[in-house]
Amino acid sequence: GAEGGRGEGVDGREGEEGREEVGSHPHMDLSLPLLEQYSRPFLLTQRGDEGKGAVAQLKSLQAAAFRDKGAEAPPEEVAALDQLAAYLAQDPANPKEPLPKACYRFMARVLAEWPLKSWGPALDIFRLLLLYQPVSRHYANSAGNPVPIIVKRCLSRSDAVPRGVKLRALFAVTNAFAHAEGTRAVTRGGALGELIEAALEMLSAQDAAVRMSAAAVLYNVALQLPKHASIEVVQIASGLGHMLSEEKDKDTAFRMLLGLGKLAYCNTEAVQLLQTLALQINTEEWGGAEDGRVKAAHELKMLLGEA
């Protein structure tokens with residue numbers, strides 16, 4: 001599951017860069033304990049075996065690919081995978097050594113040359129690497145940023161993508177929001193519209209894990225959007241608003257409600273749009289007052305002037 005929202009994120013950053021545009025707004029006088037508690041991105045910070053299994057899988061895929069050509073993997077590429085494993089053994093909050101250039105080159109070659117069905121372990125590695133601020137910064141400032149490539153290849157045409165690859169791609173993109181530089185690269189880059197469209201489409205997937213992960217990505221984007229009716233605000237508010245009444249999974253619905261709350265907060269135009277959509281929020285079907293969905297729905301109704 002994704003950690004997050006509440007500030008178990010990696011770098012203690014306040015998530016909402018849009019805040020400075022607000023000035024004074026009636027919403028600032030409301031008591032919104034849940035939305036205040038969730039001020040940071042959802043992240044997948046569990047490191048498990050620190051990527052050792054994924055590196056081992058990459059090694060065997062690498063060896064097989066060269067064997068098929070009647071060759072052996074170049075020693076520098078084999079070494080790059082060992083260096084990758086050594087880097088991922090460091091604490092993401094305080095890496096002592098930089099990621100060697102050979103590792104960046106190898107990961108870029110996987111995305112450029114390997115078939116999509118073999119991307120799974122590489123996506124696991126990207127999910128972990130993006131938790132490290134120096135790597136996040138490097139990719140944010142590089143033409144070789146993997147995030148737009150992952151969005152385009154794994155999420156935009158997701159029907160043709162194997163489930164394991166699609167889910168791991170969503171996890172990697174979720175962690176693109178771990179640091180300010182990486183976040184800006186996503187939200188100000190050309191891939192943002194494509195990411196929003198793909199994530200909204202995945203909210204109608206049969207697979208609950210895909211829906212929950214897509215809702216986390218949309219919440220992370222919502223944290224960053226400006227406080228007016230930008231095209232992205234309209235896209236996400238309309239999409240989440242339409243899908244909310246259909247969503248039966250508790251965690252997914254909770255994330256959708258949080259995302260709508262973040263969009264509506266101090267954004268008069270978003271509030272007006274959501275009022276027009278006349279959201280169907282049936283809290284009677286949910287648990288008692290302790291159900292996160294009930295709390296999130298109550299605060300959203302307060303923002304819309306309906307509570």
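What follows is a look at the helix packing, the nonpolar core and a few individual residues of this model.

The model is predicted, so local features are taken at pLDDT of at least 70 and side-chain atom pairs at pLDDT 80 or more, while totals for chains, interfaces and linings use all residues. Residues are numbered from 1 along each chain as its sequence is written, and side-chain values use heavy atoms, with hydrogens and water left out.

The core comes first. The largest nonpolar core has 97 residues, a nonpolar core being a set of buried Ala, Val, Leu, Ile, Met, Phe, Trp, Tyr and Cys residues joined through side-chain atoms within 4.5 Å. Here buried means under 20% relative accessible area, exposed means over 50%, and partly exposed is in between (1.4 Å probe, protein chains only). Met107, Trp119, Ile125, Leu129, Cys154 and Leu155 have the most contacts inside this core. Helix α11 (residues 208-224) supplies the largest share, 10 residues; helices (H or I, at least four residues) and strands (E, at least two) are DSSP runs, numbered from the N terminus. As a backdrop, nonpolar side chains tend to be buried together in soluble globular proteins. Setting aside neighbours within four places in sequence, Met107 touches Leu58, Leu84, Ala122, Ile125, Phe126 and Tyr139, where contact means heavy atoms within 4.5 Å.

Three of those partners, Ala122, Ile125 and Phe126, are among the buried residues of α5. Helix α5 (residues 120-129) is mostly covered, with 10 of its 10 residues buried. The buried set even takes in Asp124 and Arg127, alongside residues including Gly120, Pro121 and Leu128. The cover over α5 includes α2 (52-68), α3 (75-88), α4 (101-113), α6 (133-140), α7 (146-155) and α8 (163-175).

On to the helix pairs. Two packed helices are described by the angle between their axes and the distance between the axes. Axes are lines fitted to C-alpha atoms, for helices over the stretch in contact, and angles run from 0 to 180 degrees between N-to-C directions. Angles under 35 degrees count as roughly parallel, over 145 as roughly antiparallel, 65 to 115 as roughly perpendicular and the rest as oblique.

The axes of α5 and α8 cross at roughly 15° and come within 8 Å, so the two helices are roughly parallel to each other. Their crossing is left-handed, that is, the near helix is turned anticlockwise from the far one by less than a right angle (clockwise would be right-handed). On the α5 side, Gly120, Pro121, Leu123, Asp124, Phe126 and Arg127 meet Val165, Arg168, Ala169, Phe171, Ala172 and Asn175 of α8. This contact holds 7 nonpolar, 2 polar and 3 charged residues, with Ala, Val, Leu, Ile, Met, Phe, Trp, Tyr, Cys and Pro counted as nonpolar, Asp, Glu, Lys and Arg as charged, and the others, Gly among them, as polar.

Helices α13 (residues 250-264) and α15 (residues 292-303) pack at about 20°, with their axes 9 Å apart, which makes α13 roughly parallel to α15. This crossing of α13 and α15 is left-handed too. From α13 come Lys250, Ala253, Phe254, Leu257, Leu260, Gly261 and Ala264, and from α15 Gly292, Arg293, Ala296, Ala297, Leu300 and Leu303. The class split is 9 nonpolar, 2 polar and 2 charged.

The α2 and α3 pair runs at an angle of about 170°, with axes 10 Å apart, and is therefore roughly antiparallel. Val55, Leu58, Lys59, Gln62 and Phe66 of α2 pack against Glu77, Val78, Leu81, Asp82 and Ala85 of α3, giving 6 nonpolar, 1 polar and 3 charged residues.

Some single residues round things off. Most residues other than glycine have a negative phi. Glu50, however, has a positive phi near 60°; Glu50 sits in the loop between β2 (42-43) and α2 and is partly exposed at 23% relative accessible area. Cys266 also has a positive phi, near 55°, but this residue, in the loop between α13 and α14 (268-277), is buried at 4%.

Leu99, in the loop between α3 and α4, is buried as well, at 8% relative accessibility. Beyond its neighbours within four places in sequence, Leu99 contacts Leu84, Tyr87, Tyr104, Leu129 and Val135. The C-alpha atoms of Leu99 and His138 are 9.9 Å apart, across 39 residues of chain. In helix α9 (residues 180-187), Ala180 is buried at 18% and lies 8.5 Å from Arg137, C-alpha to C-alpha, with their positions 43 residues apart in sequence.
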